[in-house]
2 protein chains.
Amino acid sequence: MGRPRRPLLSRDRIVATALAVVDADGLDALSTRRLAAELGVSGPSLYNHVSTMEDLVDAVVDTILGEVDLSMFATPVADWRTALREWARSYRAALAEHPNIVPALAHGMGHRPNSLKIADAVFGCLVDAGWPRGQATRIGALMRYFVTGSALGSFARGFPDDASVYAGRYPHLSEAHLLAEHQREIDEGAFELGLESLLDGLAARTVTARGASGRAGGTPRW
Amino acid sequence: MGRPRRPLLSRDRIVATALAVVDADGLDALSTRRLAAELGVSGPSLYNHVSTMEDLVDAVVDTILGEVDLSMFATPVADWRTALREWARSYRAALAEHPNIVPALAHGMGHRPNSLKIADAVFGCLVDAGWPRGQATRIGALMRYFVTGSALGSFARGFPDDASVYAGRYPHLSEAHLLAEHQREIDEGAFELGLESLLDGLAARTVTARGASGRAGGTPRW
DNA sequence: GTCTATACGCAGATAGAC
DNA sequence: GTCTATCTGCGTATAGAC
């Protein structure tokens, strides 16, 4: 076959199909041959639209990052803590909907378009709330650390189903909370506890405008 | 050649050489053929000591986790905050010494021997300090989220060197702190700020034995 | 039980015809 | 822009020497 009148492929269609394959059968199942079969074309045709496999996976990750809700950063932001809390939950939820893609976060977190869009929105919100630019940058980074680390720790495979394997070997851990059935609640609880603790600890680094009651909405100190 | 008088290979030697290859040339450079060449044997010989490549990478990760300092959890622990702070820094430092292995953390975080040893030590410290078992489990998990997320976000490649690429495209971010040369300080600062904020936020969830001064060393509330 | 030699079936990627 | 044909290198299964 030669060149078709209308293109059979597009980058968007390839990325969308790749995401569907990853969601269905995992990252390992994503190959040029599988993808080509899924799209009804031959393998090398893909290279007219994506440069490498790594490029493609990056684009899939970026698509998912595009699903993170940023509407809470629409100015003016009433309370930076509330905005950050809602954003962090939305971020985690977007990753939870595509758990198979999470291991791909491990390569190059910084240079995808939607990564920058997210970083920009968080940074702007914090600066508007009165945080100095240096602190705003750090807070954006550390929140990302926590959310992505949470996704990685939660959606990767946890303890084996049979906790009795560890009986007696680790003095403190041979308990019910090792069981896989409890893992989801633990992950959820750990995320929420960490999120609230982070926000509390950051808020304590703000100056209070009028007495102790203003702590939660105070002006950043540095 | 047949069976040698003394074994040429051992699992430990294979794992150590694999770590050296990863440190030198990255995870992608680790292949059975490369590894066999380094060790002076033929490829399939490795399979007498490791079952799969995934098994081998897991063992390499476990070796690095074994370098995390746990001595601050030796009972009795004076202050759970101090212990957790020192442990988190040691954990991050161990990963920082082998940045190329960090992407491998993305697979199966929970079932390596040294993962369990670490989880057990943290859990024991927190329970000894008075935290209820459920909260201790959550805190151990969320601290791990933050430290591993920090390693992932820091040691993976950051923004491109030329910040002018983004000039005008992201309203808040076209600033000096986008430059790669500042990335290391940002990562370090974000880690420290997040760590202190987390510990402060958790400490605020304890009851104070004698007035407000006991906040840092208070007894956990739940 | 530990090694070597060989080989299979995948992978990502390229060259050149239409 | 898509095809066919083909390249290299991967993990690893198998068979056999000692």
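Start by selecting B:R3 together with DNA strand C: an N or O atom in the side chain of B:R3 is 2.8 Å from a base nitrogen of the strand. That is a polar contact, meaning a pair of N or O atoms within 3.5 Å; within protein, one must be able to donate a hydrogen and the other to accept it, and residues adjacent in sequence count only if both atoms are side-chain atoms. This is a predicted model, in which local features need pLDDT of at least 70 and side-chain atom pairs count only at pLDDT 80 or more, while totals for chains, interfaces and linings use all residues. Residues are numbered from 1 along each chain as its sequence is written, chains are lettered from A and ligands numbered from 1 in the order in which they are written, and side-chain values use heavy atoms, with hydrogens and water left out.

**Around the DNA**

Now pick A:R33, where an N or O atom of the side chain is 2.8 Å from a base nitrogen of DNA strand C. Next, show the backbone of B:L9: one of its N or O atoms lies 2.9 Å from a phosphate oxygen of DNA strand C.

Widen the selection to everything near the strand (a residue is near if one of its heavy atoms lies within 4 Å of it). You should find 23 residues around DNA strand C, and the closest are A:Y47, B:R3, B:L8, B:S42 and B:S45. Of the strand's atoms that come within 4 Å of the protein, 54% belong to sugar and phosphate. Try colouring this surface by residue class: 10 are nonpolar, nine polar and four charged. Here Ala, Val, Leu, Ile, Met, Phe, Trp, Tyr, Cys and Pro count as nonpolar, Asp, Glu, Lys and Arg as charged, and the others, Gly among them, as polar.

**Rings in pairs**

How many aromatic pairs does a search of the whole structure find over all chains? The search finds 10. Rings of Phe, Tyr and Trp (its six-membered ring) pair if their centres lie within 6.5 Å; planes under 30 degrees apart count as stacked, over 60 as edge-to-face and the rest as tilted.

Select A:F73 and A:W87: their ring centres are 6.3 Å apart and their planes meet at 50 degrees, so this pair is tilted. A:F73 is in the loop between helix 3 (53–65) and helix 4 (80–96) of chain A, while A:W87 is in helix 4, 14 residues apart. Helices (H or I, at least four residues) and strands (E, at least two) are DSSP runs, numbered from the N terminus. Both A:F73 and A:W87 are buried, which stands for under 20% relative accessible area, with exposed over 50% and partly exposed in between (1.4 Å probe, protein chains only). Add A:Y91, and you have a cluster of A:F73, A:W87 and A:Y91 linked by ring pairs.

Move to B:W80 and B:W131, whose ring centres are 5.4 Å apart with planes at 85 degrees, so the pair is edge-to-face. B:W80 counts as buried because its relative accessibility is 4%, and B:W131 counts as buried at 3%.

**A helix and a cis bond**

Now colour helix 7 (residues 183–203) of chain B, which has 21 residues. Of these 21 residues, 17 are buried, so the helix is largely enclosed by the rest of the structure.

For a last stop, zoom in on A:T75 and A:P76: the peptide bond between them is cis, with omega near -5 degrees. Most peptide bonds are trans. In chain B, the bond from B:T75 to B:P76 is cis too, with omega near -5 degrees.

Terms used:
The expected span of a helix is 1.5 Å times one less than its number of residues.
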